[in-house]
Amino acid sequence: MLKGRFPADKFKEIPTPFYYYDLDMLRETLDVATKEAGRYDYRVHYAVKANANPRILSVIAGRGLGADCVSGGEIRAAVEAGFNPRNIVFAGVGKADWEIELGLDKGIACFNVESVAELEVINEIASRKGKTAPVALRINPDIDAHTHAKITTGRKENKFGINLEQLDSALDSIARLHSARLTGIHYHLGSQITDLTAFQSLVIRSNEIQDELEARLGLSLENVNFGGGLGIDYYHPNHLPVAAFESYFAVVHKLLKRREGQQIHFEPGRSIVGQCGTLISKVLYVKEGVTRRFAVLDAGFTELIRPAMYDAYHRIENITADGDAELYDVVGPICESSDVFGRDVELNKVRRGDLLALRSAGAYGEVMASQYNCRRLPASYFSDTI
Ligand code: LLP
């Protein structure tokens, strides 16, 4: 099937709204990501938060990637899908005790620790279990990622990571804790980053931090993890479906002062799964307003919250009509004025019953769906079984 073409006839038999995943697209993306990371022997941990659909997880696990998890639920989902616990890293500012216990019991690779308070709890739980917890300090590098404020994480004012000013006290704590072992450092700047200079700044800052830590601790860090964040092209999902993995890893490689035997890690989420998923929705009504014309869909922000929450753009296509293009405000049925997918969207003339495709919805789409208004969670279908 051609990229960006959908089996609309088959879709007509399926109750809408639903997610459709093109597994060839996913595999192609994984091919590129693993090939480009492999050039430099970089480790890739898929960020499960982007899409935890079991089928998607198992395809990714089958390619030997690790997993980046942010909850006990994600650790369970990852292990069930076939990820090796030894390749699972666990991040998050608010790890509950049972989640820390689960991570220790499963023998995960690393806890990415976000505060001294958390470090002490992890140490205490590990000590109680007679284990040693591998920990990496998540450092907040205070770098602007030039992305949407709600998905920026690496600024001083964000809740994430240990600020550079507080690094000393975190290191002091580690030195006196006997059931936590420092294995590396971790960063995450934010998400949907398309300006690679943000990653350049991160690598430069990380080199400096590493120099300082080595001078102070007299040891070299086994692991450096640069987190996720690589953006995708929401405007051109057909022409540029695979994210810029080649330049991303090359930029890091060019600047990185990698120590002998050191492992370098990444946690891409969106760039792995974003383009393989599409939300398919039916037009319930074409409503002629006084100043606008609305296409009212049977999907709303309950199925795809990104436009309402982050003013995100998703390309929308009428896949069952080929009439002349007209402008529509594409809206959902939820009783909130933010339930709008796009304004002045150019679509082939829309009629009741037409199917619309909301593109590039594989990341943070299905996984963020809710049951608000007592709606049902969307089902998912796959290109090889439909
Ligand atoms: N690592 C950490 C520690 C993270 O917090 C995140 C994303 C990732 C990796 C993966 O980032 P990615 O490669 O997907 O950019 N719901 C928002 C995005 C939230 C991202 C949260 N953290 C959205 O729909 O745009």
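## Helix α2 against helix α9

In this predicted model, α2 and α9 touch through a short list of residues. On the α2 side these are Thr 29, Val 32, Ala 33, Glu 36 and Ala 37. On the α9 side they are Phe 245, Glu 246 and Phe 249. By class, the contact of α2 with α9 holds 5 nonpolar, 1 polar and 2 charged residues.

The axes of α2 and α9 come within 9 Å and cross at roughly 20°. Angles under 35 degrees count as roughly parallel, so α2 is roughly parallel to α9. The crossing of α2 and α9 is right-handed.

## Helix α8 against helix α9

Helix α9 spans residues 245-255 and also packs with α8, residues 197-217. The α8–α9 angle is about 30°, and the axes lie 9 Å apart. These two helices are therefore roughly parallel to each other. Their crossing is right-handed.

Which residues of α8 meet α9? They are Phe 199, Gln 200, Val 203, Ile 204 and Asn 207. Facing them in α9 are Tyr 248, Val 251, Val 252 and Leu 255. The class count for the contact of α8 with α9 is 7 nonpolar, 2 polar and no charged residues. The contact of α2 with α9, by contrast, has 2 charged residues.

## Helix α3 against helix α4

Helix α3 covers residues 54-62, and helix α4 covers residues 72-81. They pack at an angle of about 60°, with axes 8 Å apart. Are α3 and α4 parallel or oblique to each other? The angle makes α3 and α4 oblique, therefore not parallel. Their crossing is right-handed.

From α3, the contact takes Pro 54, Leu 57, Ser 58 and Ala 61. From α4, it takes Ala 77, Ala 78 and Ala 81. The contact of α3 with α4 divides into 6 nonpolar, 1 polar and no charged residues.

## The second largest pocket

The second largest pocket holds about 400 Å³ of space. Its lining has 27 residues. Closest to the pocket centre are Arg 43, His 45, Asn 87, Gln 263 and His 265.

Several elements give two or more residues to this lining. One of them is a helix, α2 (23-38). The strands are β2 (43-47), β5 (110-113), β6 (133-140), β8 (180-186), β9 (223-225) and β10 (263-266). Helix α2 thus appears twice in this report: it lends residues to the pocket lining, and it packs against α9. By class, the lining of the second largest pocket has 10 nonpolar, 12 polar and 5 charged residues.

## Backbone points to check

Two loop residues stand out for their backbone geometry. The peptide bond from Thr 16 to Pro 17 is cis, with omega near -10°. Pro 17 sits in the loop between α1 (8-11) and β1 (18-21).

Where does Asp 41 lie? Asp 41 is in the loop between α2 and β2. Its phi is positive, about 60°, although Asp 41 is not a glycine. The elements on either side of this loop, α2 and β2, both give two or more residues to the lining of the second largest pocket.

Note on methods
Residues are numbered from 1 along each chain as its sequence is written. This is a predicted model: local features need pLDDT of at least 70, side-chain atom pairs count only at pLDDT 80 or more; totals for chains, interfaces and linings use all residues. Side-chain values use heavy atoms; hydrogens and water are left out. Axes are lines fitted to C-alpha atoms, for helices over the stretch in contact, and angles run from 0 to 180 degrees between N-to-C directions. Helices (H or I, at least four residues) and strands (E, at least two) are DSSP runs, numbered from the N terminus. Angles under 35 degrees count as roughly parallel, over 145 as roughly antiparallel, 65 to 115 as roughly perpendicular and the rest as oblique. A crossing is left-handed if the near helix is turned anticlockwise from the far one by less than a right angle, and right-handed if clockwise. Contact means heavy atoms within 4.5 Å. Ala, Val, Leu, Ile, Met, Phe, Trp, Tyr, Cys and Pro count as nonpolar, Asp, Glu, Lys and Arg as charged, and the others, Gly among them, as polar. On a 1 Å grid over the protein atoms alone, a cavity is a set of points where a 1.4 Å probe fits but cannot get out, and a pocket is an open set with protein on both sides within 12 Å along at least five of seven lines; lining residues have an atom within 4 Å of a point. Grid points are joined across faces, edges and corners, and a volume is the space filled by probe spheres set on the points.
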